[in-house]
Structure formats: structure tokens, C-alpha cells
Amino acid sequence: MVAASSNNLRLVADEDSSKRRQILEGARKVFMDLGFDGASMGEIARAAGVSKGTLYVYFADKSRLFEAIVEEETLSQGKVTFNFDPERDVTTTLMEFGQAYIQMLCRPGGGSATRTVMAIAERMPEVGRRFYNNVVAHTIARLAAYLEARTRSGDLAIDDCQLAATQFMQMCQASLFMPFIFQAAPAPSAERIAQVVGSATRIFLAGYQAK
């Protein structure tokens, strides 16, 4: 019996990865267009350009497929880097973080995954919890750690840095995220984001800057 060569194994793995990507892209479009309840495995197979048999080789049902899409979105957002160097000044750090954070939340097409997770979280709470913990709570914790460092250095006076981090992130979303997520407005411009984040930064520092 002849062992498969490493080149052949690599080709099979690449093809498998490519097919999985093809299915996920098709499924993402169907979920965006029809929602979780409206999507069917047949519709997803057609959108992905594969047979239903092939689809079931990769995913047992649409719940597993949806979870895979949410996991990809979670990993994608989790890879976004923010500069929380504790030596950086507070104003610059907050302004740059706030703008990058809102651009990530409100990027074209980016709201669809969030909308779908919100819609399905009651039925699939583990999916909702995983998305929240790995994206939202993770970002709050990183900002809170920076605020704690600046509080220790005497620049800020904050008793609850987790609360303060959440407050700042919510202020940055003001007038931007809700209209976008409910499709009442397009993704905000960079200029509008800078304006809102600048206001949030001034309000935050007025309350928390050391006197």
C-alpha cells in the first residue's frame, strides 16, 4: 500500500477549506437576506453552488452552519487591534480607540451578523453568549485595563473601570450604531464618527479626569 504524499494531502486540505469557505459565503448571504427562520439548507446549497449532499458533508444542519458563521464573525472582530499602550496619553488613546471601534461596528455589511445574532440569541443563547463574551466583553476588559493603568498613574480618578469602559463605548455609539443596526441610516462617515467620539471623549474626561 502506497502512502499518500504530503503534496496530495495538502491539495485535499486546500480543496476542503475552499469548499467550506464557498458554503459559508453562500450561507452568509442567505441568512442576511432571509434571516435564520427563512433560510433553508436547499436555499443555502443553491446560493453556495453545491449539492445538498455536499452541504450536509460539512454541516449537519443550519444551526451548525449559523454557528460557524457567528464564530467567523467573532474571530474577525476579535482580531481588530486597538492600541492600549499604558504609556499613551488618555485623550489620544480614547479618540483613536473610539473611532476604530465604531468603524468596526458600522462597517458596510458588518451589522448583518450582529442583527442575526441578536435575533437568534433567545433561541440559541450559547451562540449569543459566545459572541458577547468574545467580542463585546473582551473589548470592554481591554479598555478597562488601560483605564486602570491610567488611574494608577494619577491621570484618571475611576472607582469602577469596567463601568467606565462600558460608558465610554456606549457614548461613542450614540446616534451612530442604533440607526445603522436597524437600517434607518447608512454607515456613518469618518467625519461624523470623529465628531461623536470627540464629544464622548470630552464628556468622559470631564467626569473621570483627575482634578
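The questions below concern aromatic rings in this predicted model.

User: How many aromatic pairs are there?
Analyst: Rings pair if their centres lie within 6.5 Å. By this rule the count of aromatic pairs is eleven.

User: Is the pair of Phe-97 and Tyr-101 stacked or edge-to-face?
Analyst: The two ring centres are 5.5 Å apart, and the angle between the planes is 20°. Planes under 30 degrees apart count as stacked, and those over 60 as edge-to-face. The pair of Phe-97 and Tyr-101 is therefore stacked.

User: Which helix holds both Phe-97 and Tyr-101, and are these residues buried or exposed?
Analyst: Both residues lie in helix α5 (residues 90–105), four residues apart, about one turn of the helix. Buried means under 20% relative accessible area. Phe-97 has 3% and Tyr-101 has 5%. The helix is α5, and Phe-97 and Tyr-101 are buried.

User: Why is the pair of Phe-204 and Tyr-208 tilted?
Analyst: Both residues lie in helix α10 (residues 190–208), four residues apart. Their ring centres are 5.0 Å apart. The pair counts as tilted because the angle between the planes is 50°.

User: What is the relative accessible area of Tyr-208?
Analyst: Its partner Phe-204 counts as buried at 2% relative accessibility. Tyr-208 is buried as well, since the cut-off is under 20%. The value for Tyr-208 is 18%.

User: Which residues do ring pairs link into a cluster?
Analyst: The cluster includes Phe-97 and Tyr-101, as well as Phe-204 and Tyr-208. Its other members are Phe-82, Phe-84, Tyr-146 and Phe-168.

User: The charged end of which residue sits over the ring of Phe-36?
Analyst: This charged end is 4.7 Å from the ring centre of Phe-36. The residue is Lys-62.

Terms used. Residues are numbered from 1 along each chain as its sequence is written. This is a predicted model: local features need pLDDT of at least 70, side-chain atom pairs count only at pLDDT 80 or more; totals for chains, interfaces and linings use all residues. Side-chain values use heavy atoms; hydrogens and water are left out. Rings of Phe, Tyr and Trp (its six-membered ring) pair if their centres lie within 6.5 Å; planes under 30 degrees apart count as stacked, over 60 as edge-to-face and the rest as tilted. Helices (H or I, at least four residues) and strands (E, at least two) are DSSP runs, numbered from the N terminus. Buried means under 20% relative accessible area, exposed over 50%, partly exposed in between (1.4 Å probe, protein chains only). A charge sits over a ring if NZ of Lys or CZ of Arg is within 6 Å of the ring centre and within 35 degrees of the ring normal.
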